[in-house]
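Please study the sequence and the 3D structure shown below before reading the briefing. The points that follow are grouped by topic.

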Amino acid sequence: MFAALAFAVAGGIVYAFTETQNPATLSSAKAAQDNSTVGPAVKTQTGLPLPRFVSLKQKLVNVRRGPSLEHGVAWVFTRKSLPVEIIAEFDRWRRIRDSEGAEGWVYHALLAGRRTVIAAPWAKGKIMQLLASASASGDLVARINSGALGELKSCDGKWCYAAFGGYEGYVSQETLFGVYPGEVYRK
């Protein structure tokens, strides 16, 4: 017997829902990121801390309901390099959380350690400023739309240096998904 599927597309992600699931139950990206704890990191079988951000290695990535091929596909990512948060590990599978707050399992080889960010995915239509210096009074380099995908270069806990569409500059750290509030990061 097969379950009826419904599909929804958001931010380059195709979500497939069974008739018993409701896409409206996805929590907001901002709440998911703010609720992530960055205290003493949990060590895992890989020796890497949990939680941690990584990015998608391929354009098409199946996200499963459980940590094996026997578990059904919950949704499919359709955009390479999106940031996701690893929140658990089991064997060669990683439980991830995306910018919408949805969680599922991805095979480890489909994830890359490269850090990327999404500009304020929780604030549709917002325009942010990419600045020449880590200051609100810095010169404007470019304007970036919410949902823009960028490559993370560094963060000092308040400002991040990132590249968006060929432009590099500073953006307020609190406006990015893919880096924790207050996290210091050096590439």
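In this predicted model, Ser81 is found in the loop that runs between β7 (73-77) and β8 (83-90). The relative accessible area of Ser81 is 10%, so this residue counts as buried, the cut-off for buried being under 20%.

**Surroundings of Ser81**

- Once its neighbours within four places in sequence are left aside, Ser81 is in contact with Ser55, Leu56, Arg114, Thr116 and Leu149.

**Salt bridges as a group**

- The count of salt bridges in the model comes to nine.
- Glu85, Arg95, Arg97 and Glu103 are joined into one network by salt bridges that share partners.

**The pair Arg52 and Glu89**

- Arg52 and Glu89 form a salt bridge in which the closest N and O atoms are 2.7 Å apart.
- Arg52 belongs to strand β5 (residues 52-56) and Glu89 to strand β8, so this salt bridge ties together parts that are 37 residues apart in sequence.
- Arg52 counts as buried because its relative accessibility is 13%.
- Glu89 is likewise buried, with a relative accessibility of 16%.

**The pair Glu183 and Arg115**

- A salt bridge also joins Glu183 to Arg115, and here the closest N and O atoms are 3.1 Å apart.
- Glu183 lies in the loop between β18 (176-177) and β19 (184-186), while Arg115 lies in the loop between β11 (111-112) and β12 (116-119).
- The pair thereby links distant parts of the chain, 68 residues apart.
- Glu183 has a relative accessibility of 15% and therefore counts as buried.
- Arg115 is buried too, its relative accessible area being 10%.

**The pair Lys153 and Glu168**

- Lys153 forms a salt bridge with Glu168, with 3.8 Å between the closest N and O atoms.
- This pair links distant parts of the chain, 15 residues apart: Lys153 is in strand β15 (residues 149-156) and Glu168 is in strand β17 (residues 167-172).
- Is Lys153 buried or partly exposed? At 21% relative accessibility, Lys153 counts as partly exposed, because buried requires a value under 20%.
- Glu168, at 37% relative accessibility, also counts as partly exposed.

Conventions
Residues numbered from 1 in each chain as written. Predicted model: local features only at pLDDT ≥ 70, side-chain atom pairs only at ≥ 80, totals over all residues. Heavy atoms only, no water. Helix = DSSP H or I, 4+ residues; strand = E, 2+ residues; numbered from the N terminus. Buried < 20%, exposed > 50% of the residue type's maximum accessible area, 1.4 Å probe, protein only. Contact = heavy atoms within 4.5 Å. Salt bridge = Lys/Arg side-chain N within 4 Å of Asp/Glu carboxyl O.
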